[in-house]
Structure formats: C-alpha cells, structure tokens
Protein chains: 2
Amino acid sequence: MFIQQMSREECLEALAHARLGRLACAKSNQPYIVPIYFAFDRAASDDAYLYGFTTLGQKTEWMRANPRVCVEVDEVKAHDQWMSLVIFGTYEELIEAGNQAAEHRRAIELLQERARWWEPGATNFVAKAQVDQPKPFEPIFYRIKIHEVTGHRCGAIPAAEAPDDIAISQLRIRGWLRRLLRRVSVRAANKLP
Amino acid sequence: MFIQQMSREECLEALAHARLGRLACAKSNQPYIVPIYFAFDRAASDDAYLYGFTTLGQKTEWMRANPRVCVEVDEVKAHDQWMSLVIFGTYEELIEAGNQAAEHRRAIELLQERARWWEPGATNFVAKAQVDQPKPFEPIFYRIKIHEVTGHRCGAIPAAEAPDDIAISQLRIRGWLRRLLRRVSVRAANKLP
C-alpha cells in the first residue's frame, strides 16, 4: 500500500472529474451531512468553486445561518486503491437577479452539462412534499468557495519510485498493529500550500 | 424512480451490513468530514452504536472538545438505485482500563470480525508521521451512540405497489424542472419515530 499526499493542483484536477460528494454544515456545533452532486469550476482569479443545486430544507437553512462548510469527495476502487479529498469552504447562494445573475447562469450552465444534475436536490424536495404539507418549490443554486483542499491517494507502488520505509519499529506500537503497519508504506508529497 | 423513507428498523438493518461511512464533527461551527470504517452493534437496552478505530489527530481533538457528530452512510448502485442514511450521535472514546474496559474489548472484537478494519485509521497516522515529526502511536477505539437515524431508499417501483402520484402540477415549479420531476414518484413510509 502506497499513500501519497496530493498537491492542490492534483486535488483540483480530481475535483474536475468528480460529481458526487458529501457536504457537511453545522448549527450550534451539531454537524449535518448530505450527499450532493456538484460541478467544479475555476475563475479567472484562480478562485475555485463547486456549483450545486438544491431545494429549501434543513441544509439550506443551516448554511444560510452559518456558511462554513466541509465537502468530502472520495473514490474507492479497492481497499488499496482510493482517493479522498477534504475541502473547507464557504456556502454562497446564487440569486437569479441582481449582481449574482451571471453566477446564477454559470451554475445552470455548468450543471446542465452533467446528466441528472437535479438529483438528489429535486428528489429530496419531492420526498419531503409527500410526507409534509407541500411547500412552494424553491430551486436554489449555490456555490462553495474552496478555501482549502487537501487530498490523499492510495495505490500500487510504482516500481521506479519505491518509497522510503517509515521507521515503524521506532514508534510505540503494539505487536499486532505493528505487524499490520509493516505492510503500509508511505510517500508524502510536499506539504500543501 | 421510487423514493421511500426507511423506518428506524430498516436503517439499523442497513447499518448492520454497512462498513464505510463519512463522519462529520465540528469546531467553532466549522464542520469537518472524514471517511471511517465502522462496525454496528446494538446493546441489550436497544441503544445502538457504531464502533470505530482511529489515531490521534484533528478529528479526535475536535470530537473530544465537542462530541456531537453526524455520520452519513450510502450505497449507490445506479442513479435510481441507492440508499442513504444520516445519523446524529455522540462520540465516546473507549478507554482500555476502568469501567469502559468491557466496551473497549467489545470494540476490538466487533472490528476484528471485519477485514482491514484498521484502515483508514492507521494509514492516516502513518501518512502524517512521514510528513510531520513522528508522534507516539496512540490507537483510539471509540463508539458513536446513535440518537437519531433517518434513511431514504430509491429503487424500481414494485408492480404491486404503484405509488400515489404527487401533484407536481400544483407546485410552483418552472416548466423545465416540472418536466424532470414528472418522472419522479415518491412513496413515503410512516414518519420515523
């Protein structure tokens, strides 16, 4: 097993190909996670964003009150072949009118390039409407401004790049875990900015 | 498409077969998500728990300060065949000695029934040790007490149970979304306790 820290550029490249993530928001220090579909975009200023679509509900109420969010994106092909990204960002709701009109259009454009982008935002609304009193449908386009993204990748060890062995024996690890960890090798890229 | 709310029993049954989830904790209202492996267990008192293993890091520091967490578990086989659970719970660290010794042993027993349970907790530690100064290895067993679990499931519509059509036309939905939503049918089970 070969774990590697990903650079910011590698993380953004992976986000450009991803579509499904988990978004966490928080209220009174209680976190709440929901799955989201998103489209990644990078502005001319090099700011990076995730664009999404949802409907009014607990998630949007919480994020309006506290826009600090975390998004996790992973791809697990096998136990020793995976990629995991963690993003810290800010939620921004995009209003159709006014000075956000262009961003609102951009969100629709980006999302429409992807099949079924309106799930699960819309289906969530319909599920709720059936249980509770139907509320007016309020489609919400939003973006997450990415402040920090970190990532790890695990894969087979490239023959030409055998990693430095970590001195596991020097760590205070119990026998049974040490035996397991001997199978784990790590190469860390430079620290992310 | 056919979305169904899951009862608490159905959610717990799904958890018994799941292994991978995403855990969110929060500090100063900033949420943070990490993937976790877990083992589900139910106490004689009917309290339900997720047991997990990790090492000292940002996640454990945050959860020690604020034990309110959220765990999301999903299984996506296709866009119209998925299951998603959201759990609100409390983090409890299990100490090897003292009155938590039995629970600590229980965590190890449950986790050891599952292959590779020590990932990603241990690999995360090794990755960090390579980048930062190696710290003493501190294996941490914990459990999440489940206070509330809700779930939704999406699948093909059973022929014998055609759902009531939701009166989408009565909702204030734009044409383009209305056309999409007409394809979505929903049946809601009784509200969860």
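How exposed is Pro139(A), buried or partly exposed? Keep that in mind as you read these points on the structure, which is a predicted model.

1. **Pro139(A) and its strand.** With a relative accessibility of 26%, Pro139(A) counts as partly exposed. You will find Pro139(A) in strand 8 of chain A, which covers residues 139-155. To get a feeling for this strand, compare Pro139(A) with Val149(A): they are 10 residues apart in sequence, and their C-alpha atoms are 28 Å apart in space.

2. **A buried salt bridge.** Over all chains, the structure holds 26 salt bridges. One of them joins the side chains of Arg22(A) and Asp74(A), with 3.7 Å from N to O. Arg22(A) belongs to strand 2 (residues 20-27) of chain A and Asp74(A) to strand 6 (residues 68-78) of chain A, so this pair ties together parts that are 52 residues apart in sequence. Have a look at the surroundings too: Arg22(A) and Asp74(A) are both buried.

3. **A network across two chains.** Which residues are linked with Arg22(A) and Asp74(A) in a network of salt bridges? Glu72(A) is one of them, and from chain B come Arg22(B), Glu72(B) and Asp74(B). It helps to show these side chains together on your screen.

4. **Back to strand 8 of chain A.** Lys145(A) makes a salt bridge with Asp47(A), and their closest N and O atoms are 3.6 Å apart. This pair links distant parts of the chain, since Lys145(A) is in strand 8 of chain A while Asp47(A) is in the loop between strand 4 (39-42) and strand 5 (48-55), 98 residues apart. Both partners are partly exposed: Lys145(A) has a relative accessible area of 24%, and Asp47(A) has a relative accessibility of 27%.

5. **A salt bridge in chain B.** Now turn to Glu103(B) and Arg143(B), which form a salt bridge with their closest N and O atoms 2.8 Å apart. Here a helix meets a strand in the pairing: Glu103(B) is in helix 3 (residues 101-112) of chain B and Arg143(B) in strand 8 (residues 139-155) of chain B, 40 residues apart. Glu103(B) is partly exposed at 25% relative accessible area, whereas Arg143(B), at 11%, counts as buried.

6. **Cysteines without a bond.** How many disulfides does a search of the whole structure find? The count over all chains is 0. Take Cys11(A): the closest cysteine sulfur, in Cys70(A), is 13 Å from its own sulfur, which is too far for a bond. Cys70(B) is in no disulfide either, as the nearest cysteine sulfur, that of Cys25(A), is 8.6 Å away. Both of these cysteines are buried, Cys11(A) with a relative accessibility of 0% and Cys70(B) with a relative accessible area of 0%.

7. **One face of a helix.** Cys11(A) also takes us to helix 1 (residues 8-17) of chain A, where Cys11(A), Leu12(A), Ala14(A) and Leu15(A) are buried. Why do we say that they line one face? Seen down the axis of helix 1 of chain A, the buried residues fall within an arc of 160°, so they line one face of the helix. What do these buried residues pack against? Their partners in chain A are strand 1 (2-6), strand 4, strand 5, strand 6, strand 7 (81-94) and strand 8. Strand 8 of chain A is also where Pro139(A) has its place, which brings us back to the opening question.

How values were computed. Residues are numbered from 1 along each chain as its sequence is written. Chains are lettered from A and ligands numbered from 1 in the order in which they are written. This is a predicted model: local features need pLDDT of at least 70, side-chain atom pairs count only at pLDDT 80 or more; totals for chains, interfaces and linings use all residues. Side-chain values use heavy atoms; hydrogens and water are left out. Helices (H or I, at least four residues) and strands (E, at least two) are DSSP runs, numbered from the N terminus. Buried means under 20% relative accessible area, exposed over 50%, partly exposed in between (1.4 Å probe, protein chains only). A salt bridge is a side-chain nitrogen of Lys or Arg within 4 Å of a carboxyl oxygen of Asp or Glu. A disulfide is a pair of cysteine sulfur atoms within 2.5 Å. The arc is that of the directions from the helix axis to the C-beta atoms. Contact means heavy atoms within 4.5 Å.
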